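This report walks through a two-part model for a reader who is meeting it here. The sequence and structure come next, and the text then moves from one element to its surroundings.

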Amino acid sequence: MTDTPTDTPPETNTSGAVDTTAPPETAPVVPPPSPTVQPFESGGGPPPPEQIKRKRSFGGIIALLIPVVLVALLAAVYLLYGDQIKSKVGLGPSSAPKAPITNYAAGVDASLQAADASLGDANTSLDNTSSALNDKAGDLTE
Amino acid sequence: MTYRAITRRLLVAALLSAMPYATVNGVASATPAAPADNAQRLTNLKVKGDAEITRRIASLTAASEKLRASNKLTPADLAGLTAQINAELTGLANLQTKLRADTVLAAARTDAASIVSDYRVYALVLPKTRLVATYDRITAAQAKFTQLQAQLQIRLEAAKTAGKDTAPLVAAKKAFDAKLAASQSRTSGLGVKLLALQPSDYNADRGILEANRLVLVTARDDLTAARAAAKTIADGLKALK
């Protein structure tokens, strides 16, 4: 196993003095982190604020969609199987026997009342006509 | 000859001898009046005639306003009556102008007489307006009864289809139908006939409006009888179970 030095000692001249003229070794230039967005799962630490905002808006949409989808599903089920469900729980028309028509005069009363009102109107007018014919405004010449 | 008989003959002779005097006096009173009297008569006639025309114009104007406010008349009858009243108003206004300008007693007498005979405001026009309004109301009632008739027919058929005994109700329905038809028949064309009545018609027949009013009364009575039959049917339908 060879021992490989990790650090190179500063070059020394033969006299053992440190050559200060030589440029010191500089650390390799590390490029700054890329501005591209990294998924927060891939790295440690809190995600940037933009990512937090996007995450929240996505969650809001999901939260809105869930009840809408549920209501749509319920509506579809009701439309497809509503009658069957109601009949099973005893609320549907199919479960109850049809009530026989017992009021054969339905609507007749309203028509009769309208006719009565109209006839009363004619009666009043006829009475006025009678008095108008008998009363010639006190003018006997006519 | 008794004393009593002589007295009686003397009285008769006195009365007979007095007759010529009475005749002369009667004729003398009918002689033409003096010009001063004629001028006074003319003035009196013009004042009285003017007042009568003004009274009629006021009555016609009030009737016209009532007509405008009424919602019971058909548009055709409303237009017809309004036109006739307006014609009377125009005629009377012209007559008033003419009477005021009259200078001859005979002409003023003719104009004053025409206030009554040519216009017949109180005897014909105003009562006729009421008769036409009554006619419209009765025809409106007939329309309501026709709707009731259809309703009753539907209900009777439904009851019959359901196996109910509707024979007594069907008989009442026939009575209803007959009375409604009679009422409609009586008033058929009556509105046009009433509207066409003119003062000359009244001058020829003073009872012409009363005859037409009696037609309306009978038509109303028919509807009343139809109403009673309808009530019988309605009660019978309610009793069906």
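Helix 5 of chain B carries a kink of about 25°, centred on Lys128(B), where the bend at a residue is the angle between axes fitted to the seven residues ending there and the seven starting there. Helices (H or I, at least four residues) and strands (E, at least two) are DSSP runs, numbered from the N terminus. This is a predicted model, in which local features need pLDDT of at least 70 and side-chain atom pairs count only at pLDDT 80 or more, while totals for chains, interfaces and linings use all residues. Residues are numbered from 1 along each chain as its sequence is written, and chains are lettered from A and ligands numbered from 1 in the order in which they are written.

The expected span of a helix is 1.5 Å times one less than its number of residues. For helix 5 of chain B, with 41 residues, that span is 60 Å, and the end C-alpha atoms lie 59 Å apart, which agrees. Of these 41 residues, 29 are buried, so that the helix is mostly covered; a residue is buried if 20 or more other C-beta atoms lie within 10 Å of its own, exposed if 12 or fewer, and partly exposed in between, with C-beta atoms placed from the backbone. After helix 5 of chain B comes Gly163(B), which has a positive phi near 90°. Before the helix, in the loop between helix 4 and helix 5 of chain B, sits Arg120(B), a residue other than glycine whose phi is also positive, near 50°. Arg120(B) counts as buried because 24 other C-beta atoms lie within 10 Å.

Chain B as a whole has 9 helices and 0 strands, and 32% of its 241 residues are buried. Among its contacts between residues at least 6 apart in sequence, 84% join residues at least 24 apart, two residues being in contact if their C-beta atoms, placed from the backbone, lie within 7 Å. Chain A, by comparison, has 2 helices and 0 strands, and 8% of its 142 residues count as buried.

Helix 3 of chain B, residues 75-101, has 27 residues and reaches 39 Å from its first C-alpha to its last, close to the 39 Å expected at 1.5 Å a residue. Its buried residues include Leu81(B), Ile85(B), Glu88(B) and Leu99(B), and what covers the buried residues of this helix includes helix 2 (35-69), helix 4 (105-117), helix 5 (121-161) and helix 7 (190-196) of chain B.

Where do the two chains meet, and which elements take part? The contact takes 41 residues from chain B and 29 residues from chain A. On the side of chain B that touches chain A, the elements giving two or more residues are helix 5 and helix 9 (208-239) of chain B, and the largest share, 21 residues, comes from helix 5 of chain B. That side divides into 24 nonpolar, 5 polar and 12 charged residues, where Ala, Val, Leu, Ile, Met, Phe, Trp, Tyr, Cys and Pro count as nonpolar, Asp, Glu, Lys and Arg as charged, and the others, Gly among them, as polar. From the other chain, Leu133(A), in helix 2 of chain A, touches Pro127(B), Leu209(B), Glu210(B) and Arg213(B), not counting residues up to four places away in sequence.

A nonpolar core is a set of buried Ala, Val, Leu, Ile, Met, Phe, Trp, Tyr and Cys residues joined through C-beta atoms within 7 Å. In the largest one, of 53 residues, Phe176(B), Ala230(B) and Ile233(B) touch the most other members. Elements that give it two or more residues include helix 2 (108-134) of chain A and helix 6 (167-187) of chain B, while the largest share, 17 residues, comes from helix 5 of chain B. Leaving out residues up to four places away in sequence, Phe176(B) touches Gln149(B), Leu152(B), Ala226(B), Ala229(B), Ala230(B) and Ile233(B).

Three partly exposed residues are set side by side below.

| Residue | Element | C-beta atoms within 10 Å |
|---|---|---|
| Arg109(B) | helix 4 of chain B | 15 other C-beta atoms |
| Gln40(B) | helix 2 of chain B | 13 other C-beta atoms |
| Leu133(A) | helix 2 of chain A | 19 C-beta neighbours |

Arg109(B) and Leu99(B), 10 residues apart in sequence, are 9.1 Å apart in space, C-alpha to C-alpha. Gln40(B) and Leu105(B), 65 residues apart in sequence, are 9.5 Å apart in space, again C-alpha to C-alpha.
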